[in-house]
Amino acid sequence: MTSSLLRPRGRTRTGTRAPGGAAAGSTAPTRILDWRHPRVAALVRELGTGPAGSVGGADPARQVESLHRVHTWISRAVRPVYSVQDERPVSEVLRRGRGSCSQRLAVLEAVARAYGVPTRVRGLLVDGSFWYPRFPRLRRIVPDQVLLAWPEFRLGSPAGAAGAPASWLTVSELLGGLRPVAAEQGGGFTNAGSETLFEALSRTAIDWGAAPAACPSTGPGAGAAAGAAAGAAAGATAGVACDLSAYVLTDLGHYDSRDELFARHGQTLCGLARLVAEPVLGRRGAA
């Protein structure tokens, strides 16, 4: 049983934009992706990629490797917690040294923009039952729908360069689908133990749309039956995409930034619920 009581009121969350629509993305800093903040700029320098826009030139292979190193650094340095403040600026996430999957993905996006790699997000409403394994005794207060900002990246020639722009790659294609080492590790995301979606991206191509194989079942609730039915097949297909589409309630389309997505649809929880939950969940380690 999930709850709709904690959801923001006065918001109609429907697919107002066609998936794959005209969101152009950007490399510009935003309130959330504040890569010009001294703390974020220091991280860019620490990772040794040089000034903004210089990483790998327009070589997609080098850009993939650079962003994979960023992902590895975030996995090690930013502790996974269940923070519910999706609009927290990246500079503040780095200061705290901890963040949710959404906040850690925002760090990856911010550094990518600092590198000159355009990013955008796909807005997804995910069934709250997906998080049942994480909160087995608190199911009654798990929100019935969770707003997920799933990043996409455009590698290769920067915006405005001569020639046709490259296609958009989801974060799972970038980290879990293009690198041979990820394919070798394989295995679907089980939603169990300390591994979060963010960590799993480095070894499996998580897909919220149609994919060749499904992940092992991640728990009961809407969508879980479909996952369970395909679980056996998933266990035998290590290295392929991990399909979580059974949990997607609504595809909200693409947005130039997560700032725009949250401005249009609000965060997962209403303001009062975030105020009460953040002091506890914002420190609770993912497990």
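**Strands, core and surface in the predicted model**

In strand 4, V121 has P151 as its bridge partner. That pair is one piece of a longer match-up in this predicted model: strand 3 (residues 119-127) and strand 4 run antiparallel to each other and are paired over nine bridges. D127 takes part too, with Q145 as its bridge partner in strand 4.

Strand 3 also has a second neighbour. Six bridges tie it to strand 8 (residues 248-255), again in the antiparallel sense. V121 turns up here as well, this time with Y255 as its bridge partner in strand 8. So how much of strand 3 is buried? Nine of its nine residues are, so the strand counts as mostly covered. Cover comes on both faces: T119, V121, G123, L125 and D127 are buried on one side, and R120, R122, L124 and V126 are buried on the other.

Strand 4 (residues 145-154) tells a similar story, with nine of its 10 residues buried, so the rest of the structure largely encloses it. Besides strand 3, strand 4 is joined to strand 5 (residues 168-170) by three bridges, and these two strands run antiparallel. Within strand 5, L169 is the residue that stands opposite F153.

Then there is the nonpolar core. The largest one holds 64 residues, and F130, W150, I206 and W208 have the most contacts inside it. Helix 4 (residues 101-114) is the top contributor to this core, giving eight residues.

I206 shows up again in a polar setting. Its backbone oxygen sits 2.5 Å from a polar atom of the S172 side chain. The side chain of S172 also makes a polar contact, at 2.9 Å, with the side chain of T170. S172 itself belongs to helix 5 (residues 171-177). Is S172 buried or exposed? Its relative accessibility is 4%, and because the cut-off for buried is under 20%, S172 counts as buried.

Out on the surface, things look rather different for L275. This residue is part of helix 10 (residues 271-281). Its relative accessible area is 62%, and since exposed means over 50%, L275 falls in the exposed class. Together with L272 and V276, L275 makes a nonpolar surface patch of about 350 Å².

Definitions and conventions: Residues are numbered from 1 along each chain as its sequence is written. This is a predicted model: local features need pLDDT of at least 70, side-chain atom pairs count only at pLDDT 80 or more; totals for chains, interfaces and linings use all residues. Side-chain values use heavy atoms; hydrogens and water are left out. A nonpolar core is a set of buried Ala, Val, Leu, Ile, Met, Phe, Trp, Tyr and Cys residues joined through side-chain atoms within 4.5 Å. Buried means under 20% relative accessible area, exposed over 50%, partly exposed in between (1.4 Å probe, protein chains only). Helices (H or I, at least four residues) and strands (E, at least two) are DSSP runs, numbered from the N terminus. Patches are made of residues with over 30% relative accessible area and no salt bridge: like charges are joined within 9 Å, nonpolar side chains (Val, Leu, Ile, Met, Phe, Trp, Tyr) within 5 Å. Accessible areas come from the Shrake-Rupley method with a 1.4 Å probe; for residues, only the protein chains shown count as cover. A salt bridge is a side-chain nitrogen of Lys or Arg within 4 Å of a carboxyl oxygen of Asp or Glu. A polar contact is a pair of N or O atoms within 3.5 Å; within protein, one must be able to donate a hydrogen and the other to accept it, and residues adjacent in sequence count only if both atoms are side-chain atoms. Two strands pair if DSSP finds at least two bridges between them.
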